[in-house]
Amino acid sequence: MALEGPLFRQRPAELYRQLRREHGPVAPVVLEGGIPAWYVIGYRELHHVLTNDHLFARDSRRWNQWDRIPPDWSLMPYVGYQPSVMFAEGAEHRRRSGAISDALGEIDQFELRQRCEEVADGLIDQFVVSGQADLMAQFAHPMPGLVVAKLFGLPDSDIPRLVRDLQTSLDGGDDAIPAYVRVAGAMQELVRRKAIVPGPDVPSRMLAHPAGLNEDELTKDLLVIMAAAQQPTSNWIGNTLRLMLTDDRFAVTLSGGRRSAGQALNEVLWEDTPTQNFVGRWATQATQLGGQRIRPGDLVIMGLAAANTDPQVRPDQHSGSSGNHAQMSFSHGEHRCPFPAPEIAEVIAKAAVEVLLDRLPDVVLSVGVDELVWRQSVWMRGLESLPVEFTPAYLSR
């Protein structure tokens, strides 16, 4: 079965149930071009993969399908090996991820929250007088990028282009590789500027870190951080707003959105997690997983969203998510999203949702729920657009 098409885009939970019925917790799937992979959709099986790095490793050069992959394969940006923290293993991974964690750990989260509120207010100011907006294009997508721009010491003017290129690289298609190359070039230019004129920002702290990252290492790791911060967080914001605008449990309290924003954010991580799939792991030796025979070099795709809905661990999918943070949305094990990145993403997403609901208390969808279209991306789950309307307001700030 291919990870594409209307069912995958619009109703993935049905696809997960179908795969479980036919194959169990590990299903054979094909990627673009008919490339085979194993899709881990069982919670326990995914936990096993993510905590056994010696058996399911991160270096994609082990893949036994490279002779079938064309150089312009649209999924190449996130599968092809690069000497970045994403593909590093063992001590090298700990060196690289340690530098990231230490640099992010110096971010003052009170100042971060203030910056997020300022960015959210500024974005809302641009459309509040019109009474209508596309909350994806005009709010959710630019919001994380503008915040990260400050953390990276980037000018705000660079962000719209970076956001577009990151989204294009993750959606696949003919433009994916050129878009990824442009983002990499922007990160390389940033590193060179910070080496000359450092500042109170993440790249400068990583340059000065005892890990001793060189220019190429830092460029590639900053690209990983930027990609991880931008698209997952923007879709977390968008998916949360969609939930609160379409589900009566949240919509009835829109005027008091602050009370339910945290609950909605957590529920989205369980039900519509922004990073729905992640690639990947490669088997270092022959093994069995979920009743399937895995060969050395086989690609294992981590079905984060599917594992979150596994009936073996969540018999009732609509209960137990409140206060339960055992979802796989930030992955698990040594290669999980490094501390404190999930906390930073939550500050950004929660501020975005709360400020918007405060500023636009009567916001409603301007189309039917069934008219909302999900993006065609193997990796990300997010809406193409989120059109809304509200009572126009004059700027008062």
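Colleague: In this predicted model, how far apart are the axes of helix H5 (residues 109-125) and H7, and is H5 roughly parallel, roughly antiparallel, roughly perpendicular or oblique to H7?

Modeller: The two helices pack with their axes 10 Å apart and at an angle of about 135°. Angles from 65 to 115 degrees count as roughly perpendicular and those over 145 as roughly antiparallel, and an angle of about 135° falls in neither class. The relation of H5 to H7 is therefore oblique.

Colleague: Which residues of H7 make the contact with H5, and how do the residues of that contact divide into nonpolar, polar and charged?

Modeller: The crossing of H5 and H7 is right-handed. On the H5 side the contact is made by Leu112, Arg115, Cys116, Val119, Ala120 and Leu123, and on the H7 side by Pro142, Met143, Leu146, Val147, Lys150 and Leu151. The residues of this contact divide into ten nonpolar, no polar and two charged.

Colleague: Why is helix H7 (residues 142-152) described as largely enclosed by the rest of the structure, and which glycine just after H7 takes a positive phi?

Modeller: The buried residues of H7 are Pro142, Met143, Pro144, Gly145, Leu146, Val147, Val148, Ala149, Leu151 and Phe152. Because ten of its eleven residues are buried, H7 is largely enclosed by the rest of the structure. Just after H7, a positive phi of about 75° is taken by glycine 153.

Colleague: Which residues touch the most other members of the largest nonpolar core, and which helix gives the most to this core?

Modeller: Of the 114 residues in that core, Phe139, Met143, Phe152, Met187 and Leu222 touch the most other members. The helix that gives the most to the core contributes 14 residues and spans residues 215-246, namely H11.

Colleague: What does methionine 187 touch, not counting residues up to four places away in sequence, and how many residues make up the second, separate core?

Modeller: With those sequence neighbours set aside, methionine 187 touches Phe152, Leu154, Leu162, Thr219, Leu222, Leu223 and Met226. A second core is separate, with Trp38, Phe56, Leu289 and Val300 among its members, and its number of residues is 17.

Colleague: Which peptide bonds are cis, one into glycine 280 and one into proline 340?

Modeller: Glycine 280 belongs to strand E5 (residues 278-283), and the cis bond that leads to this glycine, with omega near -10°, starts from valine 279. Proline 340 lies instead in the loop between helix H14 (304-308) and H15. The cis bond to proline 340, with omega near 0°, starts from phenylalanine 339.

Colleague: Is serine 331 buried or exposed, and with what relative accessible area?

Modeller: Serine 331 sits in the loop between H14 and H15, and although this residue is not a glycine, its phi is positive, at about 65°. Buried means under 20% relative accessible area, and serine 331 is buried, with a value of 12%.

Colleague: Where is aspartate 362 found, and which residues does aspartate 362 touch, not counting those up to four places away in sequence?

Modeller: Aspartate 362 is found in the loop between helix H15 (341-359) and strand E9 (364-365). Aspartate 362 is partly exposed, with a relative accessible area of 35%, and its C-alpha atom is separated by 21 Å from that of leucine 383, 21 residues apart along the chain. Beyond its sequence neighbours, aspartate 362 touches Glu389, Phe390 and Thr391.

Technical notes. Residues numbered from 1 in each chain as written. Predicted model: local features only at pLDDT ≥ 70, side-chain atom pairs only at ≥ 80, totals over all residues. Heavy atoms only, no water. Buried < 20%, exposed > 50% of the residue type's maximum accessible area, 1.4 Å probe, protein only. Helix = DSSP H or I, 4+ residues; strand = E, 2+ residues; numbered from the N terminus. Axes fitted to C-alpha atoms, helices over the stretch in contact; angles between N-to-C directions. Parallel < 35°, antiparallel > 145°, perpendicular 65-115°, else oblique. Left-handed = near helix turned anticlockwise from the far one by under 90°. Contact = heavy atoms within 4.5 Å. Nonpolar A, V, L, I, M, F, W, Y, C, P; charged D, E, K, R; others polar. Core = buried A, V, L, I, M, F, W, Y, C linked by side-chain atoms within 4.5 Å.
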